Every structure is written in structure tokens, then in C-alpha cells.
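The questions below ask how particular labels were assigned. Each answer sets a value against its cut-off.

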Amino acid sequence: MNHKIAFASLALFTAFAGTAATLHAGTDVHISIGLGNVRRPLPPPVVVVERPAPPRGYWKIVTVREWVPGRWVTTHDRHGRAFRVFEAGHYSFRDERVWVGNDRNDRDRGPDGYRGNDELGWRNDGRR
């Protein structure tokens, strides 16, 4: 008889523990049914865009002096009569944008073509 009571109490305790664990875990029920291979779309390919290096240098505005040769110019006086006047040759000035490159290769060599510490004034042979 003791075995029946012990077994019943063990079954009751197990049922209580399972119910308590279920109540604590929540009431979600998930059912998964496999119907064969599921085809998932492939992820899009990774596109790597390499941006070109920014240009090294800067724009500089330079004043350009240009020779304009002498010429004959037709003008009108205040009465509307046309007459010719000689305009002597002269220099004309205009501003022009010039790109100044700042590449490392241009700065590595000194005025004599050798690499050296130009900012310190030393040449490669030790002379100043």
C-alpha cells in the first residue's frame, strides 16, 4: 500500500512541477511542420565601390600679362562721323585659374634631382 501512495504523490508532485514550469514559461505554443526543402532567395551580392583618391593640389589664380599689338580702331565723334585712330601696342592683364599639383613624387626630389632634406638645406653629399 505504501508503494501506491508514494507513486501517487510522486505523480502529483511531477504534474504540479510541470504545470508550474509551464505557467512560468508563458502560454506560447509553437508547432513546426517540415514539408521538404524551403527555397530561400539568395542574399543580394555585396557591391564594393572604390572611390578614387581626391586630387592632390589646389587652384591658384595667376595674373597673366599678354602683349596686344598696335591696331587701327574706327570710332565716331559726337556728330556721328567715323574716323580712324591708331591704338598703340600695350600689355593686357587677365586672371587665369591654374591647377598646382601637390603630388608626393614632385616634392621628393630636390632641385638637382637628388633626394634629400631640402627643407633643412642639406644635400645628400653632406654639403650645404
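**Labels and their cut-offs**

Of the 128 residues of the chain, 2% count as buried. This is a predicted model, in which local features need pLDDT of at least 70 and side-chain atom pairs count only at pLDDT 80 or more, while totals for chains, interfaces and linings use all residues. Residues are numbered from 1 along each chain as its sequence is written, and side-chain values use heavy atoms, with hydrogens and water left out.

Q: What elements does the chain hold, and in which order do they run from the N terminus?
A: There are two helices and four strands, in the order α-β-β-β-β-α. Helices (H or I, at least four residues) and strands (E, at least two) are DSSP runs, numbered from the N terminus.

Q: Why is F93 called exposed?
A: Exposed means over 50% relative accessible area, buried means under 20%, and partly exposed lies in between (1.4 Å probe, protein chains only). F93 has a relative accessible area of 57%, so F93 is exposed. The residue lies in strand β4 (residues 90-101).

Q: Why do W67 and Y91 count as partly exposed?
A: W67 is at 48% relative accessibility, so W67 is partly exposed. Y91 has 41%, and therefore gets the label partly exposed.

Q: What makes W67, Y91 and F93 a patch?
A: Patch residues have over 30% relative accessible area and no salt bridge (a side-chain nitrogen of Lys or Arg within 4 Å of a carboxyl oxygen of Asp or Glu). Like charges are joined within 9 Å, and nonpolar side chains (Val, Leu, Ile, Met, Phe, Trp, Tyr) within 5 Å. W67, Y91 and F93 form a nonpolar surface patch with about 380 Å² of accessible area together, computed by the Shrake-Rupley method with a 1.4 Å probe, where for residues only the protein chains shown count as cover.

Q: How many aromatic pairs are there, and why is that of W67 and Y91 called edge-to-face?
A: The structure holds three aromatic pairs. In W67 and Y91 the ring centres are 5.0 Å apart and the planes stand at 70°, so the pair is edge-to-face. Rings of Phe, Tyr and Trp (its six-membered ring) pair if their centres lie within 6.5 Å; planes under 30 degrees apart count as stacked, over 60 as edge-to-face and the rest as tilted. This pair links W67 in strand β1 (residues 57-68) to Y91 in strand β4, 24 residues apart.

Q: How do you know that R65 sits over the ring of Y91?
A: R65 lies over the face of Y91, at 3.9 Å from the ring centre. The criterion is NZ of Lys or CZ of Arg within 6 Å of the ring centre and within 35 degrees of the ring normal. R97 lies over the face of W59, at 4.1 Å from the ring centre.

Q: What makes β2 and β3 a strand pair?
A: Two strands pair if DSSP finds at least two bridges between them. Six bridges join β2 to β3, which run antiparallel. V73 has V85 as its bridge partner in β3, and R71 has E87.

Q: Why is β2 said to lie largely in the open?
A: Of the six residues of β2, the number buried is zero, so β2 lies largely in the open.
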